[in-house]
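Have the sequence to hand and the model open in your viewer. We'll walk through the fold one piece at a time, and you can follow along by clicking on residues as they come up.

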Amino acid sequence: MFFTEEFKQILKQAKNVFVLTGAGISKESGLDTFRDVDGYWAKYNPMELASLEGFFDNPHLVWLWYLERRAKANAASPNAGHLALAELENLFPLFDLFTQNVDRLHHRAGNKNIYELHGNIFENHCLTCGLPYFEDIDIEIAIPHCNSCGGLIRPSVVWFGEELPADILSLSFTKAQNCDLFLAIGTSAEVYPAAQLPYNARNHGAYVVEINPNETSFTKFANISFRESSNIILPEIVKLIKDLKKYD
Ligand code: APR
């Protein structure tokens with residue numbers, strides 16, 4: 001991979017790195033994305049599977065989909081892209097990883113400063129009283145209900161039309177505006193408010209790098225785009241940074 005001198009200088013000088021990841025980084029771990037031609041939303045209606053209305057209409061169907069995805073995420077392993085981000089965290093004084101993914105693969109890869117913008121697929125809570133729910137779920141036996149108030153139990157992910165966790169969202173904007181290097185990895189940058197983050201970083205002077213095999217609506221605002229799979233390019237970037245640091 002050829003890296004420009006400008007990019008090398010940016011890597012050398014960066015002290016405060018913000019990473020935003022999306023479903024694309026987990027693609028090489030065998031997990032589907034949403035908006036690619038073979039992604040979930042090419043096959044299914046997001047409003048049926050990932051909205052409160054859809055859940056009320058057919059909780060059985062929604063649970064089926066989430067339990068299947070939970071099993072897939074459990075069976076998947078972090079790929080070279082996730083592992084490279086875990087290494088990257090140790091190469092800069094400040095490093096934050098905000099993910100739209102719910103698969104917990106960044107945790108399993110070893111990153112520490114992880115913020116989940118869209119929740120995670122492994123936890124559940126009561127729709128009515130908010131209490132967490134820890135019991136095993138077998139929807140062929142019954143749709144789970146809260147032991148305390150009887151409300152419906154739902155997966156602890158953020159659905160369309162719902163607000164993101166306020167503390168994490170607010171922190172993400174503060175950090176995006178203060179970073180000097182922003183990496184947007186494997187995201188179509190179509191879903192707001194997360195999609196706003198790279199624009200904010202750029203507007204506040206950060207150097208913004210896009211890593212995505214395909215062009216996105218954000219591409220023309222990025223300082224540089226690598227049209228590569230993240231599991232290929234991220235290890236190369238880590239190696240480059242280590243080489244650059246040798247000659248500091
Ligand atoms: N490496 C890097 N990027 C990839 C790879 C890969 N190997 N394969 C695909 N991609 C890119 C695609 O080109 C696409 O731009 O990953 C992106 C995935 O985009 P989406 O499917 O829209 O996923 P994401 O951006 O995470 O979606 C945001 O929408 O419905 C939801 O809640 C869900 O968190 C998700 C949100």
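How many of the residues of strand β8 (residues 207-211) are buried? Keep in mind while you look that this is a predicted model. The count is 5 of 5, so to speak a strand that is mostly covered. You can check this face by face: Y207, V209 and I211 are buried on one side, and V208 and E210 are buried on the other.

Now let's see what sits beside that strand. β8 is joined to β7 by 5 bridges, and the two run parallel. If you want a spot to pin this pairing down, click on L183, whose bridge partner in β8 is V209. As general background, strands of a sheet pair through backbone hydrogen bonds, in either a parallel or an antiparallel way.

From β7 (residues 181-185) you can step across to β1, again in parallel, this time over 5 bridges. T21 is a handy marker here, as it stands opposite I185 in β7. Carry on through β1 and you reach β2 (residues 94-99), another parallel partner, held by 6 bridges. On this side, look for F18, which has D96 as its bridge partner in β2.

So how covered is β1 itself? Of the 6 residues in this strand (residues 16-21), 6 are buried, which means that the rest of the structure largely encloses it. Both of its faces are covered: N16, F18 and L20 are buried on one side, while V17, V19 and T21 are buried on the other.

There is a second sheet to find. It is an open one with 3 strands in the order β5-β4-β6, and the pairing is antiparallel. Its edge strands are β5 (132-133) and β6 (153-157), each of which pairs on one side only. Strand β4 (residues 119-126) shares 4 bridges with β6 in the antiparallel sense, and G119 stands opposite V157 in β6.

Next, the loops, where a few backbone details deserve a click. Start with the loop between β7 and α9 (196-203), which is where P193 lies. The peptide bond joining Y192 and P193 is cis, with omega at about 5°. A189 lies in that loop between β7 and α9 too. A189 isn't a glycine, yet it has a positive phi of about 55°. With a relative accessible area of 7%, A189 counts as buried, because the cut-off is under 20%.

R104 is another non-glycine with a positive phi, in this case about 65°. You'll find R104 in the loop between β2 and α7. Its relative accessible area is 22%, so R104 is classed as partly exposed.

Then there's K112, in the loop between α7 (105-109) and β3 (114-116). Is K112 buried or exposed? It counts as exposed, because its relative accessibility is 66%. If you'd like a distance to try in your viewer, the C-alpha atoms of K112 and L234 are separated by 18 Å, with their positions 122 residues apart along the chain.

Over in helix α10 (residues 230-246), have a look at S230. S230 has a relative accessible area of 5%, so it is buried. What is S230 in contact with, leaving aside its neighbours within four places in sequence? The list is G24, I25, G81, I185, I211 and P235. Two of those names tie back to the strands above: I185 stands opposite T21, and I211 is one of the buried residues of β8.

Finally, zoom out to the whole chain. It has 10 helices and 9 strands, and its C-alpha trace spans about 60 × 30 × 30 Å along the principal axes. For 248 residues, a compact globule would have a radius of gyration near 18 Å, and the 19 Å of this chain agrees with that. Of those 248 residues, 50% count as buried. Among contacts with a separation of 6 or more, 66% come from residues 24 or more positions apart.

As for the outside, the accessible surface is about 11900 Å², and carbon and sulfur atoms account for 52% of that. The chain carries 21 positive and 31 negative charges, and their mean positions are 8 Å apart.

How values were computed. Residues numbered from 1 in each chain as written. Predicted model: local features only at pLDDT ≥ 70, side-chain atom pairs only at ≥ 80, totals over all residues. Heavy atoms only, no water. Rg over C-alpha atoms; globule rule 2.2 N^0.38 Å. Buried < 20%, exposed > 50% of the residue type's maximum accessible area, 1.4 Å probe, protein only. Contact = heavy atoms within 4.5 Å. Areas by Shrake-Rupley, 256 points an atom, 1.4 Å probe, with all protein chains shown as cover. Lys, Arg positive; Asp, Glu negative; His and termini not counted. Charge placed at Lys NZ, Arg CZ, Asp CG, Glu CD. Pairing = 2+ DSSP bridges.
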